[in-house]
Amino acid sequence: MGTAVQRPIWLFVAGAVGAITIAIASLLVEEVFNQGWASTRIWNYVCWLALSLLFWSIAAGWRLFLSKAAGTLYYVRMMPTAARNWHIDAQEAARRRFLGSVQVVHSIDLAAESGVIDLREDVSEVGSKLQDLFNSDDDKTGFMLVPDLLAPVAVALGYRLNLPPGTMFYDLGDSGKTGTSIDSWALEDGPNRNEPQPRMRTTVGPGTCGIHIHASFTAIPDYKQISRPVRESRELGIWQNVDDNDWQAKQRTDVRVGVRGEETHPASAARAWAQVIRSALHDGNGEPVLLTARVPKTVSLAMGYLLAPAHTRAAMAKSEDPGCGVEGCRQDSCRNPWKYLVPLNYNPGTNGWDEMWLLREQRDPRELLALLGTRP
Ligand SMILES: [Zn+2]
């Protein structure tokens, strides 16, 4: 039975059992007043009272669980107004499962002005709006985030948000193209799974400075190379036969990110990706770090969240590691990651990558890209 049907039934059951419990309690009080404590019927009433209290708490607890499992759905879309919505069916399916749904729809302009797409105002506005909505929502019920965002925008928005514990991510998929099978998941899911681990492949580039990171967690292994010269490229994905010595020369597998047993869990993919970025920022120590990605939307959003030094897990809160994995590291690139990041957005029109300026704390991408140069 769907939760939408179960919820009112259990609300009624909990209410009815509550009324019966109160009736038994009043009979007990009356018996004590009339017959005194010596009456033999008292213990009968006490037994019935205990039984109905037990059943009442079970019914009320189950009702609470149902509303927690299906709280509010937040649909966030930041796309150009003219962009088609590929996810109407998936959106409808998600909405039916929830108590209520909130839509934050914001149209963006992807035209570059003097060489850069500036969405700082847009990300800030949507981030604040979402945070206000979270704060005014009942945090006893669940939260589900459904992003329809470009990968760089999702990363920036995730970095800004403060997600309540247990927040679920719902992936709309990629209109069937990459065959993601994610559905819904939480960052707390999936530790200790026996799953294919994401791995990184490093290649030396023609540049003098800068590190490029490409994350690939879909069934499409190929991507358009960036035109900027960097000194090193790091490619994160899931590879075939990593036990072979020459695994780096091989193709990525079509192993997908997903919640099924044989797939790499989205939470693991997001963590691995955030780790690769943080260690590149540490190694670069002030060099620009260019980001490209072909990943499910929820993974981008969650990775952005994990990238923020403020969102360190409780287990790490006491350590002096700013997130790069080095205890007591004081490098500015580790303490202020966005100052050195240049996220790139794939432009199908030009078959190239466009630089994006997304957060107030991000340095002007043009300044960072000016540091790149080719080796003589
Ligand atoms: Zn560091």
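## Exercises on a predicted model

The zinc ion in this predicted model sits in a tetrahedral site, with angles of 104 to 119° among its four donor atoms. Let's work outward from there.

**Exercise 1.** Find which residues coordinate the zinc ion, and how they are spaced in sequence.

*Solution.* Start with the donor atoms: they are ND1 of His282 and the SG atoms of Cys324, Cys329 and Cys334, at 2.1 to 2.2 Å. Next, read along the chain, where the spacing is H-x41-C-x4-C-x4-C. Now take one pair, His282 and Cys329, which are 47 residues apart and link distant parts of the chain. His282 belongs to helix 6 (residues 266-284), while Cys329 lies in the loop between helix 7 (297-307) and helix 8 (332-335). Both His282 and Cys329 are buried.

To check the geometry, recall that four donors count as tetrahedral if all angles lie between 85 and 135 degrees. The angles of 104 to 119° fit that label.

**Exercise 2.** Work out which strands stand at the edges of the seven-stranded sheet.

*Solution.* Write down the order first: 3-12-11-10-8-9-7, an open sheet with mixed pairing. Strand 3 (117-118) and strand 7 (199-204) each have a single partner strand, so one side of each has no neighbour in the sheet. Then step inside the order to strands 8 (residues 211-216) and 9 (residues 232-237), which run parallel and are joined by five bridges. Here Ile213 is opposite Arg234 of strand 9.

**Exercise 3.** Describe the chain over the spans that UniProt lists as "transmembrane region".

*Solution.* The unreviewed entry gives residues 9-30 and 42-65. Residues 9-30 are 100% helix, with end C-alpha atoms 32 Å apart. Residues 42-65 are also 100% helix, and their end C-alpha atoms lie 34 Å apart.

Definitions and conventions: Residues numbered from 1 in each chain as written. Predicted model: local features only at pLDDT ≥ 70, side-chain atom pairs only at ≥ 80, totals over all residues. Heavy atoms only, no water. Pairing = 2+ DSSP bridges. Helix = DSSP H or I, 4+ residues; strand = E, 2+ residues; numbered from the N terminus. UniProt positions renumbered as here; feature names shortened; annotations may be inferred. Donors = N, O, S within 2.8 Å, 3.2 Å for Na, K, Ca; no water. Tetrahedral: all angles 85-135°; square planar, octahedral: opposite > 155°, others 65-115°. Buried < 20%, exposed > 50% of the residue type's maximum accessible area, 1.4 Å probe, protein only.
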